[in-house]
Every structure is written in C-alpha cells, then in structure tokens.
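Trainee: Could you take me through one part of this model slowly, giving each cut-off as it comes up? I would like a single connected account rather than a list.

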Amino acid sequence: MDIVSGQRIGLVQKGELVFVESFDAWYSREHDRMIATLVLSTGDIELAVEGVDEACSRALERWKRISAMESPTGWVYRVAINHAHRVARRKSMEQRVFRKQASMPDLPAPAGELWELVASLSERQRQVVMLRHVAEMTENEIGEVLGISRGTVSSTLHDAHQRLGRLLNDDSEL
Amino acid sequence: MSQLTRLSQALIDEPLAPRPNVGYLWTRSRRRHQRRRSITAGLLALVVIGAFSITKIEGSSPSSPTLLKTKTTNVQLASYYLAAGAVPNATLEAVGLPSKVAVPTKITPSVATVATNGVVSYVGAEYCPYCAIQRWALLVALSKFGSFTNLDNQVLSSSTDVYPGLASWSFIGAKYTSAYFTFDPIEVTSSTPNTGGGYQPLVKMSAAQQRAFSKYNPQAELPFLDMGNHYITLGASASPSVLEGLTLGDIGGDLSKATSPVAQAIDGTANYLIAALCTMVQGTTPPICSTLATHLASRALGAGLSPTSKTSSTTVAPAQPPTNAPMSVWKKWSDEMHAFLLAAAANFRAPNSGCTISRIDVTGEMLIKPLLGVPAGVMEWGMSLTGHCGPKVKANRVK
C-alpha cells in the first residue's frame, strides 16, 4: 500500500517517486458513474453491480500498475464489461439448463425511461453511446475499452445518434 | 450536454446501487484468490495423480523430477534500503548506546503468548510517525540476521499527526528470510483518514499477535514489537524528530555516518534490537552477536546470554522425593513441578523452524492411586502442545 497522504499515492517508478491519484479518491469519484453506464449498457442492475464490483476489486489489487495507465477508468470499464458478459453467459446457460424464465429488466425511473430509449439499439451501439455520454470518455478511450478502432467507434456512435435522434424526434439534441 | 447525458446525470446524482467500502473489495479479492487456489490445487492433484499413474505404468521413476516451481518475483531494493541493510558493524560500534534511546523491555514469557516464541512480531500502521522511525531500526537490525525483499511500498506518515510526513515504507508485501527466526509484520491501518476520524484499516492482527498485543501492550501503543516473547518495545525507541524533512535517500545515507542524529537514533535503537534478537538465536550465532556494541547492549538489556540458557529454579526439574516422604514434601514438589512446566512451556520453541506451536497447556491431575512412585493425593502436572508442521496438525502430551 503506497498511500502517501490523503488523495495522492506515491510510487517508485524507474527509481523516481511519482504521485498519482489514490484508489480511494478515484473509486469515490467514478463508482456511481460506472454503475450508471453499465446499467444502461446491460439493462440489468445486478449484472452492472457485479461487473463494477469485480472490476474495482481487481483494480484495487493492481492499483500501483493501473494508476500509472493513461486511462485507469478505461481499464476498469473493460474488465467490468467483460465480467458482466461472463456472468450473463453463465446466467443464460443456467436458464437453459434449468429451464428458468429469463427475467426482464425492471429498472426504476429514470433508468427505466432511459432503458426504454436505448433498448432498441444493438448492444455495441448501446455500449458506445453509454461510454461516450454517461462515462464521458473520448472516442479513443472507447476504442481501447471495447477493443475496436476509433473509426468503428465513430461510425457506431453516428449510427446510434441517428437512431436515437429518430426516436427522440430531435436530432440536434444528440 | 446531450439529452442523454442530462437524463443519465440523475442516475449518478442518485445512484442505483450503494458504493461498497474498500474493505469489501479486499474481501472479494481474497475470495477470488481462494477460488483460484482451490482450482489450481485440484488441477495440481490431477497432474500429480496422472504423473504417478504414468510412472507406475512405465515401471520406472522419471529421470528428473517434474515438480512445479513457484515463481516469485522479487522487487529490486532501492539504494537507501540497501544502505540501511548494510550499515557496517564498525558504525554500529561507533554509535554505541546513545542515552536518548529507550532500552527494550524484558518480559516474563507467558504460556498464553507462546505462539510468538521464535517470531519477531511487528504491529504498526502506515500513518504512525513512531512506526516510521522504528521500521528503519528494524531494517538495520533484522538485516544482520537475514535479508529483505519487496520493500517497495513507500509511505509518508500522516500529514495531520505529530511529526507529519516522515519518509518510511509499509511492511505490507515485504518478505524477510532468516535462518534464525521468522518476521511477522503487519500494518493495521493506512495513512488515509476515514470518515470516523481514524484511518482506513488494512490488516488485522493474527490470533498470536493479538494475544501478545493485549497482554504486553495494554495502552495499545504503536508500533508494538515483540521479539520472541522475551523482549518488547512499545512505541518508538527514539524520537522521530530526527527524520523530519529528510527523504528516504537522506536517511539511508545518514545511517552510516555515526555522528549524524539519524544514525544516533536509528543505529542506536538497532544495537538494542540486535542484542534482543541475539537471544532468540539457537545454535551458531551470527558474527553481529559477538561485537562489543551487542555485548554492551545485551548487558543493558539484563539478558546476558540467551534466556533459555539461564539457570534458575524454574529451568531445572525438581527431583522427585522418596515415596515415603511426608505429604508436605510432595506438595512442595508438585508446586515446583508446576512452576517448572509453566516456565518450560512459556519458553518452548518448535525445534523445527517449519513447525509452529499455537498453544501449550499445563494441566494438573489429582492422583487417586499411586503412580510411578508418586503417592495418591498428589497433584501431577502435564504439558500438552498443539501446533502444526506444514498442513498437518499434531497434538502430543508430554510429562
């Protein structure tokens, strides 16, 4: 644990003491935004919480390395999305094996209203839109998180905006 | 701001799920590692069974063992740690025993705290300025008996406490190897304040540390250093003020300058710690235990040689009286035997360094009929040990 004081953390990198944000400070700032992004990407609060908790736990363990990255938040999003996918796949398999009825997303307002708006987008479009407008990431960062090129991010975002614009009947807002 | 951003802001202002505390994330991390270990152990067992089956089928033993080696990655120690670990004996001699350094306290070993026999146990905290200076002294002293790796977690003591921002490091993640004893350090809190006015908790004391801490440190001072259940230090042995305004590099450099305030405080403390640690050595002692400074410190500790080598009424088993001796003589013998066993239990240390004694009990039994020359009506005492060597748990009763 390299906490130096309060919000900062001192690390020795290549023989030099450098200061980066402490995990606690980053976690306090980003947690709620990450939950909102994942809820609106997956439509499932439980899945979002599971993904974010797992990713933050892994980030805490490796904070020394992750804090030195260009976008620690991007790394955490990638892990959270991948973990949520894994859990969703496992759930879906269980539902098939045990013939369980898949539960429909039931989100409280205003998440429910937003979900209704974005549910018609493809999963990739939803992820890109949420990372751009809720997580407030740049197109480059989104590309890193989803493992796609910036051009793909840009065109996916464009398509999603057009679709949402039609739904909202207000292209200029997006 | 887009309409979407505006709508989603409500979800951030009023979160859909509460934010778990960092302790929960650590617990989750530990559970994940446990799951991984279980899976690895299962796979390993399958590999071993498979390898064993193949060996059997082939009817010959493999020419080279195919044991899986655990890869450990050691972090290169920074120059100031290396400097602290290599303070010359001549410097320690020159520093001697400064009057401003507190002498460790000799304690009467207790059966209840027997689990720290053979263990150097340190309980500190990352915010604590007194821990900052005591860690340096420990590093100097322990390096004479073994070596550290992975000392890469630098910390500054709390910026809001006395002696703010002292340069030191956390023992979390550090590794120490020695042929003489084990080192069990923990840092109970970080230097990050929490909402309750304290600091974020980090590591809990082990049961053995907790027992020794409660018994020998009722004021709960930090740091608490227990050297083999024989010597303790409470708080810092020297004033942390000598570290104020110095970087790790400054401190590391000053340690070898005998007249510097840093060396006087840290090396002076280390001299006492070394003398106390020398009492824990069984068998051949390292050269540091024969230096003049250690000899003088040892005298100051009132230790002389190893406490286990001292002869006193409780280190020699009382001779059994003749069968026809009066009951008062037998009663006295029984009391002496009880005291002897209590002292032996408190000083008992597992002969094999791979074994740990977790509990020793001295229990009495009133004889209802004569046994091996001891008449009925006499309380006979026995000692039971509980401990483990590796994964197995053994329990033996000895008399």
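Mentor: Two strands are said to pair if DSSP finds at least two bridges between them, and the strands themselves, like the helices, are DSSP runs numbered from the N terminus (strands are E, of at least two residues; helices are H or I, of at least four). Residues are numbered from 1 along each chain as its sequence is written, while chains are lettered from A and ligands numbered from 1 in the order in which they are written. The model is predicted, so that local features need pLDDT of at least 70 and side-chain atom pairs count only at pLDDT 80 or more, whereas totals for chains, interfaces and linings use all residues.

The part I would choose is in chain B, which has 10 helices and 14 strands. Of its 399 residues, 35% count as buried, where buried stands for 20 or more other C-beta atoms within 10 Å of a residue's own, exposed for 12 or fewer, and partly exposed for anything in between, with C-beta atoms placed from the backbone. Among the contacts of chain B with a separation of 6 or more, 69% join residues 24 or more positions apart, a contact being two such backbone-placed C-beta atoms within 7 Å.

Start with the small hairpin. E8(B) and E9(B), the latter spanning residues 199–201, pair in the antiparallel sense over 2 bridges, and Thr189(B) has Pro201(B) of E9(B) as its bridge partner. There are 5 residues between the two strands, and in this hairpin Gly197(B) takes a positive phi near 90°. E8(B), which covers residues 189–193, is mostly covered in the other sense too, with 4 of its 5 residues buried.

From there, turn to the open sheet of 5 strands in chain B, whose order is E1-E11-E10-E2-E7 with mixed pairing. E1(B), at residues 105–106, and E7(B) stand at the edges with a single partner strand each, so one side of each has no neighbour in the sheet. The partnership of E2(B) with E7(B) is parallel and runs over 6 bridges, with Val119(B) standing opposite Thr182(B) of E7(B).

A helix meets this sheet. In H6(B), residues 207–216, the buried residues include Ala208(B), Gln209(B), Ala212(B) and Phe213(B). These cover an arc of only 130° around the axis, and therefore sit on the same side of H6(B); the arc is that of the directions from the helix axis to the C-beta atoms. An α-helix has 3.6 residues a turn, so residues three or four places apart point the same way. The buried residues of H6(B) pack against E2 (119–124), E7 (182–187) and E10 (224–227) of chain B.

Next comes the nonpolar interior. The largest nonpolar core (a set of buried Ala, Val, Leu, Ile, Met, Phe, Trp, Tyr and Cys residues joined through C-beta atoms within 7 Å) has 83 residues, and those with the most contacts inside it are Ile133(B), Val140(B), Ile266(B) and Leu277(B). H8(B) gives the most to this core, with 12 residues. Domain 2 (79–307) and domain 3 (327–398) of chain B both give residues to it, so the core lies between them; the domain bounds come from an automatic or database assignment.

Two of those residues deserve a closer look. Ile266(B) lies in H8(B), residues 261–278, and counts as buried because it has 31 C-beta neighbours inside 10 Å. Leaving aside neighbours within four places in sequence, Ile266(B) is in contact with Ile133(B), Trp136(B), Ala137(B), Val140(B) and Leu255(B). Between Ile266(B) and Val140(B), which are 126 residues apart along the chain, the C-alpha separation is 8.0 Å. Leu277(B), with residues up to four places away in sequence again not counted, touches Val120(B), Ala141(B), Phe145(B) and Met227(B). A second, separate core of 45 residues includes Trp26(A), Ala48(A), Val49(A) and Leu121(A).

For context, chain A comes to 8 helices and 3 strands, and 44% of its 174 residues count as buried. Its average pLDDT (the predictor's confidence in each residue, from 0 to 100) is 79, and 76% of its residues score at least 70. Residues 1–6 of chain A call for care, since pLDDT stays under 50 there, although the model has 30 contacts beyond four places in sequence for them.
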